[in-house]
Amino acid sequence: MKIDRRSFISLGVGVVAGTTLSPVPWKLMDDISIWTQNWPWTPAPKGGADSYKTSVCTLCPGGCGIQVRKIMDRAVKIDGLPEHPINQGKLCPLGLSGLQFLYGPSRVKSPMKRTGKRGEGKWQEISWDEAISAVTKKLKELREKDKPHSVAWVSGADKGTIPQLIGRFLTAYGSPNFIRPPSVHDAYELSAYLMQGQEGSVAFDIENSDHVLSFGTGMLQGWGSPVRMLNIYGEKRDSKKIVQIESRLSDTAAKADQWVPIKPGTEGALALGIAHVMIKESLYKKSFINKSAFGFEDWTDDNGTRHIGFKTLVLKDYDPEIVAEITSVPKSTIEKLARRFARANRPIAISGRGEGLLPGSLDECMAVHALNALVGNINKPGGVSVTSEPDYAKWPEVNIDKTASRGMQQPRIDGAGGSKYPNARYLLHRLPEVINDTKGESPVQALFVSEANPLYTLPDTKATKAAFDRIPFLVSFSSFMDETALYSDYILPNHIYLERYEDVPKPAGMVQPVIGLAKPVVKPVYNTRHVGDVVLQMAKSLGSFIEKAFPWKDYRAYLKTVFKDHWDQLEDKGFTEVKASEDKPWANRFNTATGKFEFYPSARKHPSKKDKDKDILPGFSPVPIEGKPDAYPLVLMPYDSIRLTSGNIGNPPFMTKTIDDTVLKDQTMFVEINPKTARKMGFFEGDRAVVTTPKGRAEVRLHLFDGIEPGVIAMPKGFGHTAYSKYLAGKGANFNSLIGPITDPMSGLNTAWGIRAKIVTA
Amino acid sequence: MKEEQGDKHTKRYGMVIDLDKCTGCGACMVACYAENNVPFKKNETDKLDSLNWIRIFQLTNGRSYPDTEICYLPMPCQHCDGIGKHGHPPCVSVCPAIATDYDYSTGVVSQIPTRCFGCRYCMAACPYHARKFNWWDPVWPADTEKYLNPNVSARMRGVVEKCTFCFHRYQQARDKAYLEGRDEIYESEYQPACAQACPTNAITFGDLNNPDHAVYKLKNSPRAFRLLERLHTNPKVYYLSSKSWVRRAGDNYLENESRPESNRQKIHHK
Amino acid sequence: MNTNDQQHPVSDTASPETGDAPEKRKNGSGWIILLFFVIGFIGSLLGGWLVFPELLYSEKQQPIDFDHELHMAQVYEGCQSCHYFRKDGSFSGIPDLYSCSGCHQYPMGTNPEEEKFIEQYVRPNKEVPWLVYSKQPDCVFFSHAAHVKGADMECRTCHGNMAQSNHSRPYQENRLTGYSRDIWGYNIARLGKPKYGLRMKMNDCADCHERETGHKGACFQCHQ
Amino acid sequence: METTPLIPQGVKRCSKLQFSLWMAVAVAVLLWGVYAMYLVWFKGLNQTNMNDAYGFALWIWADLAVIALGGGAFFTGFLTYIIGKDKLKNIINYAVIIGFICYSSALLILAIDIGQPLRGWFIFWHANEHSMLTEVAFCLSCYFGVLTIEFLPTIFENPKLDKIPFLHHLSHNMHSIMAVFAATGVFLSFFHQGSLGGVAGVLFGRPFSYREGINVWPWTFFLFTWSAAACGPCFTILITWITEKLTRKKLVKDDVIQLLAKISGWMLATYIIAKIADTLYWAMVTAPSMGFNLMDFYTNNPVYGIWILILEIVICGIVPAAILITRKGRESKFLLMLAVVLAVVGVCVNRWVMVLQTLAVPVVPFEEWFMYAPSWQEVATTILPVAYGVIVISLAHRYLPVFPQERELNPSN
């Protein structure tokens, strides 16, 4: 038998025919497509019984209740807690992204010690024992050198048990330098303290107000408790008029009933112009002014000196014609604004810019607050009230030794509460300046940072970095590799909110005294530790009287002691209402020297002696910004977007994904410019440009936007991160690197709302 | 339909989005990503290469400072009923492999990524750009794979995906109803993630055929309009706006052509 | 590859010029050519129908040999005693360790499989990696509630008479797709009555739905 | 080498070296395309510049264009076997080969274009009979089968293969029933050319391409078939001319070309009248009912504006039609070739417009024009079929008796 080529071909044909009639090709074709439907590299999440855990979101001070859906031990979704009084089942994009923080790529997975240069990102994982002993060693060393006051701790909040624990630790250790980052509430609280004599948090009963006159507050962009504000907007839209005074058509302005464009920085003048119309047309609430106000009319003091009152000042200096010139708001608009405000049943005036991370000018805040007094809507439903802090976290004084006592008597490094700024409590923005201005050894020898990211959030990034370079010992407690963590010597990563217990104080601006409790909804994903526990362990390690000041086993035990009777409800429902013992928010009770609402705040201590009345009364002087108009013809302002976090929490990938392509394209951010300004300068939509300010420069693109005043340009806050993960780092520029702080001479607060700038083609 | 016997009528699930209330916060988008296992990339700024089942558009009235107005418009899949009797959306009939269909019992337009072979004809057919293509393999960095929702399949590279009105939630609600021996599911039992999250309650969802559901009344509001009604896509997503320029921006009109407010009602009840 | 071995003699004997004189060779080699065709044809048919299915599937044993009949005698609510519906209407499927260890914290009998279960899983608190014969892929939403509660179907209609089994049969897995062999069925041609329960490819679902409800149902009825 | 039996008798072919060099260039281009294809298949469609607005782009255009140009095969077949224009037998082989190349390229491009090539067979197995694309896929595959059958006899006529009696007889018998295949081909082509037109025409969400029509078939259905029948033969003429220039030989007699050109001319003329009527109805009735003016589709477009419409209808429609239907025009070599090129460009522009401009025009009023430029991978995979075509034609020309008149026109010395 000969086997030739043809036999072979024949065999092949037979094989083909046979195979075609066998299941092989058909089954394989099917199975291969099934394989593509179940590619091993496309995850198929495991199912199982689901459960819901309630907790509170602490990503911002909003205090929303959340329910976390879990499948077995995985957390798969965060939704709003329907029965929660603040958010009523709703949630903001940040809260909804929470699980990206829990499982995301920017977490610090274990305690770390820096091995490379600062900020280089070279780390060595260490154990918790090593980490805590390294920190306490440094603390002991500083105490031995009699310098406990050179330790400072930047804490993201000053209310709640964790900040109080930290404060107590510093007290026991001997440092007065507990510092919280600035907030618009600094100005609110200071105004309320000066004009009403009440210490506590300022609440705006927007729910029950029927006319909201907002001087630039980003009510729908993250101000106060964001979901509360959005919820009010959606649910009570028909029962109130909202007027937004702002130089940019922000989301809030766009959704307001009326948008009043204004020359930026002149909001205070407009408030006084409105006051002028109200007084002149006798539209103010006489019953309140006559009975409960001081300093409205001219008056004579005990020494027989004649003082001018608010009325005289406003009638003399703030005629609508003059105000129209200052603010570029037409006179007729000012009059209409005043009449509508005065005639509303429960009008409320609110000052502040955007989200509220900038305290702003005290004068402006007081001028706006004076409007609330003119309509008598203070400490009333639908108005502004001051609620004192609930006293659930009060413990016996700490017994401290001489070293600590000496340390505690040292002036605060940031100057708050000192002779220059007696009314301020924290002035974090001054810290870099103080350090940089000190010759020789830095006044801060060790800096602890928890739930804050000053290297990103402080104005003038360059100066901040220079100051940090002079601090020999830098510890971050951040859960994430943020800018400050990346720059520190040790990272002692905190659990994130979904892994830890923490009480959540009443959110800013809220009337109802809701206290929330964040609870661990999943086991800690990484080798992290609760910062409260770490503080307790540090105290223990320092020993003697410091240890004795902290008689609790761990943070949870401490928390349970604090909340006593409230604990069960907190554990069960996740929130409770805790009222201060004598709190009557609606009581018409002022604790000023006169017992009245003071247009002329006698408690306003002012270093200058000249022209006292005008300086003490709420007045207007243009809030200065840096830069000369001839070199920098434009004004650069930041804006807040609710889709972009600008505080210590970096934007999660989900939120970055929602950002429009007219705000960020590839890695470059857009600066908004009025088409008229752009045309004059020869720019078109999407053009690349360089923005330069006296503090820095940034490469940007231009977005032509009709909703911004000609001559003003605006950029979003929250970009320009250099840390976190590739999903955030390197996108756009940080506004804080383009601006420096401007200290309000009266309050010490930062007032830098913008800076002069120029743009040139890139 | 043995298992559907209890149904009193055919449902037509739909959505009413109140643009007067929408502040453009993006909560709907994020809630959707989180619920539906939508992945994310380093660069999501190319909106034509970015998986979004609902996307917020910013509309402006085109006037200059200070008369400018803006309006946010969230756009999910419109779940069109289509020309003629319902069941003929632009995308369904074009799919060569029946990877998308119109569910007559709920009115939901489905998309089955495992059936889809990625020809993208449906994307060409959809005037709303509601359909998105998986140009990339989805990647969940670090431990983010752990948060994936087991009720929604992750999509592989090379297929089309879109908003499903969170139909898995309907299925879950049905399961519960079966267990409890109920024929109907309650309005509150089936709400998509976007409607659930929306902080201003701008998104209302329910059965457009059911007079007890909130959407039934809202869709007949004088503020109501739909996108591209003139194409007879007959969407089940309605929008509300008190501003006439916004209502006009929802469709194409010839110059000098006025928006026929009265005709609109006719199309509604087709 | 034996084809290569054969090719050499072929090219040796059949020199290039053979192509020019095909007529001469034709008579003698006709049958051989046919024979080769038949060899190829029958061989690949046999390979395709008999060998291929064996190669396509791998076989695994369940971690514990489970006696359903024995357990059925101990429980009061039939299958749903262990394979129950959760409150939200979802189906629990194979019980987790927690459910089993309710009874089996300590040995209840002397069965070595039970001992193994307690030793290897209950003590170290480790979930049993059961292999699910009827496991559907991730893209499938199968509503047990609709079938068991809504349509009053019995478990064995689809799953076969599991309740009377005394041993866990081997689990066969498709090497390419990772699917259980039960989905396609044990007969590669998908003919005849299946050995265990029903075949569970999409067509099988659709056919049954068409029979029972008059239509196949919309995509989203069973897909997620 | 000239005597090797692989090359048909009595014809002259270039040297093996020359041929190898020529092929090497073509193969190099082909490999570039294959590399791009590999990238697309293994890394996914992110290798392209397509996006969610341009789900269809260069490839689908190439597909549509190549099928329209391949239309020469079915229409010439129709004329030859069914109408009985025997003269065209002298070019039908080449028309079939060109058609074969075009259709196999189209199938390959489709296989690259889909996101899940391994599931491509779903279009047959899970077919949705309502989808134009299903119709396209079925007719395309079937017609490709028909073209293969039509091509086979020519292959079997290779002198070496022809010596195998089985193939010899097979080839002979196939020739005799070729009319049946041609008829099948015409039937299939009518539907898939039409359904390709239907692909865009049925999109009632796209006012730019949506057309009313008869029953389920929009007007574009018929216009596509018509234009393919008109321009396909022009492409055959063009390729024949290029082949003649490259081989420096006359391959087809002028009267054959003239006949084909004349028929094409009349097809084109009638087509362009229908196209103008369709455009007018669309511009004046269909589009305005959807809220669009004609100019809405052509303004805001930074590249071509209204000129693309003028190019398609006037320059590449009316002009070539006018040339081809006049004897003088046809008989001038220059004008004939100009007309043929314009007609080919015209049909390509038409397909381009129906695919890419359809997607570029924003329908939602607050969206903007969408712009697109192909990536190199898309370009390479689109050029791949050209290289492949060059290779197939070169091989066919060298080894197969494609042109019956070649020997007569080039008597060997």
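Which residues in helix 9 of chain D meet helix 10 of chain D? Let's start there, and please keep in mind that this is a predicted model.

From helix 9 of chain D, the residues are D:Phe190, D:Gln193, D:Gly194, D:Ser195, D:Leu196, D:Gly197, D:Gly198, D:Ala200 and D:Gly201. Their partners in helix 10 of chain D are D:Trp219, D:Thr220, D:Phe221, D:Phe222, D:Leu223, D:Phe224, D:Thr225 and D:Ala228. Sorted by class, this contact has nine nonpolar and eight polar residues, and no charged ones.

How do the two helices lie? Two packed helices are described by the angle between their axes and the distance between the axes. Here helix 9 covers residues 178-201 of chain D and helix 10 covers residues 219-247 of chain D; their axes come within 7 Å and cross at roughly 130°. That angle makes helix 9 of chain D oblique to helix 10 of chain D. The crossing of helix 9 of chain D past helix 10 of chain D is right-handed.

Now let's move to chain B. Chain B has an open sheet of four strands in the order 6-1-8-7, with mixed pairing. Strand 6 (203-207) and strand 7 (224-225) of chain B are at the edges with a single partner strand each, so each has one side without a neighbour in the sheet. Strand 6 of chain B runs antiparallel to strand 1 (residues 13-18) of chain B, and five bridges join them. If you'd like to find that pairing on screen, look for B:Gly14, which stands opposite B:Gly206 in strand 6 of chain B.

B:Gly14 also leads us to our next stop, since it is among the contacts of B:His79. B:His79 sits in the loop between strand 3 (70-76) and helix 2 (121-125) of chain B. Is B:His79 buried or exposed? With 27 other C-beta atoms within 10 Å, B:His79 is buried. Beyond its neighbours within four places in sequence, B:His79 touches B:Gly14, B:Gly107, B:Val108, B:Val109, B:Phe165, B:Pro235, B:Lys236 and B:Val237.

Finally, let's see how the chains meet. In the contact between chain A and chain B, 64 residues come from chain A and 51 residues from chain B. Elements giving two or more residues to the chain A side include helix 2 (24-37), strand 3 (74-80) and helix 8 (226-235) of chain A. That side of chain A has 32 nonpolar, 14 polar and 18 charged residues. Chain B also touches chain C, with 22 residues from chain B and 21 residues from chain C. There, the chain B side divides into seven nonpolar, eight polar and seven charged residues.

Methods. Residues numbered from 1 in each chain as written. Chains lettered and ligands numbered in written order. Predicted model: local features only at pLDDT ≥ 70, side-chain atom pairs only at ≥ 80, totals over all residues. Contact = placed C-beta atoms within 7 Å. Nonpolar A, V, L, I, M, F, W, Y, C, P; charged D, E, K, R; others polar. Pairing = 2+ DSSP bridges. Axes fitted to C-alpha atoms, helices over the stretch in contact; angles between N-to-C directions. Parallel < 35°, antiparallel > 145°, perpendicular 65-115°, else oblique. Left-handed = near helix turned anticlockwise from the far one by under 90°. Buried ≥ 20, exposed ≤ 12 C-beta atoms within 10 Å, placed from the backbone.
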